[in-house]
Every structure is written in structure tokens, then in C-alpha cells.
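Welcome, and please take a moment to look around the structure shown here. The notes below will walk you through a few places in it.

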Amino acid sequence: MAVQLMGAPGSPYTRKMLALMRYRRIPYHVRWQNPGLQNSDKTDGLPKPKVALLPTYYLPDDTGEIQAVTDSSPILRRFETEFEGRSVIPHDPVLAFFDWLLEDYGDEWLTKAMFHYRWHYQPDIAKAGSILPRWSNVTGSDEEIGPLSKYISERQISRLSYVGSNEVTKQTIEGSFKRFLTMLNAHFQTSPYLFGTRPSSADFAIYGQLTQLALFDPTSSAIVTQDFPRIYAWTEVMEDLSGLDIAEDGSDWINASAGLPDTLLALLGEMATLYIPYLKLNAEAVMSGAELVDAEVDGRPYQQNPFPYQARCLQWIGAQYGALSSDDKTRLAELTHGTGLTEALS
Ligand SMILES: N[C@@H](CCC(=O)N[C@@H](CS)C(=O)NCC(=O)O)C(=O)O
């Protein structure tokens with residue numbers, strides 16, 4: 001039976017999961033969200049999620065009753081056990097941990113760039129305001145769409161403070177985005193995906209954000225198109241990997257016994273020096289009940305509202321790391337020696 005979900009073309013997590021399901025050849029039926037109906041009961045009798053996020057999946061619980069569930073990463077892992085073959089989690093537990101970390105970075109940090117570019121510069125605001133409300137209403141008249149454009153833009157711009165896009169952080173977000181593109185571009189010169197010649201969950205997470213950053217929002221799309229055409233091309237190809245042949249024995253994942261490519265080490269270094277330190281500062285602010293994360297990230301002042309969900313992300317990373325055997329922890333330390341990752345994880 002086809003998996004049921006609701007999403008939107010402009011939702012990076014929806015795009016992450018659609019591409020994942022195509023690659024894994026999981027049949028699905030996607031409904032496009034109608035933002036005008038979001039807070040009404042007109043959802044075709046489908047259950048509502050606890051927190052309204054996209055994508056929303058409608059999946060059976062233990063008793064077979066359909067529940068509305070959200071959060072792409074655990075759903076992706078649920079599919080790993082429910083659907084056979086074409087796994088997106090590397091077999092080597094150390095690589096699987098790196099994959100977790102990079103997936104989380106894509107979902108939680110790269111999305112800051114996505115939200116920032118979409119709702120900061122005028123041409124991006126104008127495009128998003130005009131297109132977003134039309135996805136679920138292609139025949140809508142301009143009179144009908146107008147108020148919805150205004151509603152969506154105002155709502156999203158008011159949320160910039162939650163993702164941490166403001167005048168203080170602008171340079172950090174944009175600078176780290178371009179640095180990430182530079183690192184990814186270098187990596188793609190040695191291998192088409194992060195962990196070899198088959199895509200992992202982290203590839204799908206990064207792809208999801210890039211469907212917007214590279215393909216949709218004018219300011220970030222110009223950066224990717226002009227300076228990183230390889231990444232633009234990659235994003236389009238990732239959309240549908242249903243025909244990609246892979247080796248079910250896993251021999252197309254990189255073999256870490258031979259060490260890691262320098263380009264992957266550089267990306268892991270970014271987790272050690274930018275992403276994990278950021279998560280720690282946010283978690284401290286959440287735990288102490290501070291009103292603001294007000295600290296230094298990436299060598300620059302950084303301010304945003306504390307984000308409880310991302311404090312849990314740090315706990316999950318710690319739990320994944322803690323679950324590695326001591327041999328694997330030693331191997332991880334040796335493989336990433338000099339990147340600062342082990343130190344950041346302590
Ligand atoms: N951690 C969630 C994040 C999902 C998420 O933040 N979705 C955004 C859109 S891309 C959303 O639905 N925001 C609320 C809204 O737009 O009303 C996941 O991985 O699925």
C-alpha cells in the first residue's frame with residue numbers, strides 16, 4: 001500500500017522525504033498542503049499531528065490505527081526497517097554516526113540559510129510570497145491569492161527570530177553557507193555522494209534544503225548557479241534516483257579502513273567547529289531558561305531565541321555517539337584526528 005503524506009514543494013523536509021522514497025522505491029501518495037486550510041478541520045478526515053509540520057505522514061501505529069506523524073529523521077529510520085533494500089544508512093557504525101551528524105546539520109543548520117535567504121532580501125520575499133500560495137491553488141485568481149501571499153509572508157518573516165536570522169547573525173549564516181558549498185563542491189569532485197557512490201540520509205537532508213537554496217530562492221540560487229554549478233546539477237539529479245543501481249552488499253559505501261577522504265574530513269571539521277558548538281550554546285540557553293542565545297558562533301557575535309527542539313538534537317547526537325562501542329569510538333577518534341570532532345563531542 002502506498003504511504004500517505006501531506007507536504008509542499010517549498011518545504012525542504014517534504015522534498016527530502018519525496019526524494020528518499022523515490023530512491024528507495026517506496027510507493028507514496030502526496031497531498032499538497034493548502035495553507036489556507038491549515039488551521040481548519042477540513043483535512044479530509046485525516047488525523048492532525050501534535051505539532052503541524054511538513055511533511056505530515058499518516059502511518060499506522062502498533063494497533064493499526066492511522067496517526068499523523070512528523071519529523072523526517074525518525075520516519076526515515078522507521079522506513080529502514082519497514083521497507084527492504086536500498087538502505088540510506090551506511091553499514092559501518094562510525095560512518096552511520098557521521099551520517100547522523102551531517103543529516104542533522106542539513107536539517108537544523110542549513111535550514112537557517114534557507115529561511116534567511118527566503119525571507120530576508122526583497123526579490124526572494126517577492127518570489128516566495130507570489131508562488132507559495134499558488135501551489136495548492138493553481139486556478140486561484142489574483143484577488144484570491146493576494147491576501148494569502150500577505151498572510152504567508154508576514155507569518156514567515158515573523159518567524160525569522162526563531163531560526164536566528166537577524167542583522168547580528170546574517171554574516172555568520174551567509175558565510176557558513178558559502179563555506180559549506182565550497183566544501184561540498186570539493187567533495188563532489190571525488191565522489192557523487194557524501195559516503196561513496198550511493199546516497200545516504202545526510203545527502204537527502206542536504207538535498208532537501210538545496211531544493212530551495214539552489215533551485216528556488218533567487219539570491220541563494222544565483223550564488224549556487226554562478227559559483228557552484230556542480231552543486232546545482234547534483235540537486236536536480238538527487239530529486240529522482242529511482243534508477244540508480246546500487247550494490248546491496250554495501251560495497252558502494254566508502255571503506256573507512258583506508259581512512260577518510262580529506263574532503264569529508266573538512267565537512268566533519270565544520271561539525272566540530274561550527275555546528276556542535278552552536279548546539280551546545282543553544283542547549284545551555286534552553287536549560288538555563290535564558291531569553292536569548294547571546295554568544296559567539298563561528299568567531300562572530302550570535303543571537304537567537306533558544307530553540308528547545310535543537311537542544312534535543314544535541315542529546316540525540318550524544319546518545320548516538322554514546323552507543324558506539326569503545327572500539328568504534330577509538331576508530332572515530334583516529335579517523336577524524338585533527339578535526340576537533342572527538343573534543344567537540346566530549
Ligand atoms: N524536524 C522536522 C522539521 C519539519 C519542519 O520544520 N517543517 C516546516 C516546513 S519545511 C514546517 O512545517 N513549519 C511549520 C509551518 O510552515 O507551518 C522534520 O525533519 O520533518
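What follows is a short tour with three stops: a ligand site, a loop and a pair of helices. Please keep in mind that this is a predicted model.

Let us begin with the ligand. It has 12 residues around it, and those that come nearest are Ser11, Leu53, Leu54, Asp71 and Ser72. Three residues place a polar atom opposite an oxygen atom of the ligand, as listed here.

| Residue | Part of the residue | Distance to a ligand oxygen atom |
|---|---|---|
| Leu54 | polar backbone atom | 2.7 Å |
| Ser72 | polar side-chain atom | 2.6 Å |
| Arg155 | N or O atom in the side chain | 3.5 Å |

On its own, the ligand has 510 Å² of accessible area, and the protein covers 82% of that.

The next stop is Asn137, in the loop that runs between helix H4 (122-131) and helix H5 (142-158). The side chain of Asn137 reaches the backbone nitrogen of Gly140 at 2.9 Å. Leaving aside residues up to four places away in sequence, Asn137 touches Glu144 and Ile145.

Finally, find helix H8 (residues 201-213) and helix H10 (residues 229-238), whose axes are 10 Å apart. They pack at an angle of about 110 degrees, so H8 and H10 are roughly perpendicular to each other. From H8, the residues Asp203, Phe204, Ile206, Tyr207, Leu210 and Thr211 take part, and they meet Ile231, Trp234, Thr235 and Met238 of H10. By type, the residues of this contact are 7 nonpolar, 2 polar and 1 charged.

Methods
Residues are numbered from 1 along each chain as its sequence is written. This is a predicted model: local features need pLDDT of at least 70, side-chain atom pairs count only at pLDDT 80 or more; totals for chains, interfaces and linings use all residues. Side-chain values use heavy atoms; hydrogens and water are left out. Axes are lines fitted to C-alpha atoms, for helices over the stretch in contact, and angles run from 0 to 180 degrees between N-to-C directions. Helices (H or I, at least four residues) and strands (E, at least two) are DSSP runs, numbered from the N terminus. Angles under 35 degrees count as roughly parallel, over 145 as roughly antiparallel, 65 to 115 as roughly perpendicular and the rest as oblique. Contact means heavy atoms within 4.5 Å. Ala, Val, Leu, Ile, Met, Phe, Trp, Tyr, Cys and Pro count as nonpolar, Asp, Glu, Lys and Arg as charged, and the others, Gly among them, as polar. A residue is near a molecule or strand if one of its heavy atoms lies within 4 Å of it. A polar contact is a pair of N or O atoms within 3.5 Å; within protein, one must be able to donate a hydrogen and the other to accept it, and residues adjacent in sequence count only if both atoms are side-chain atoms. Accessible areas come from the Shrake-Rupley method with a 1.4 Å probe; for residues, only the protein chains shown count as cover.
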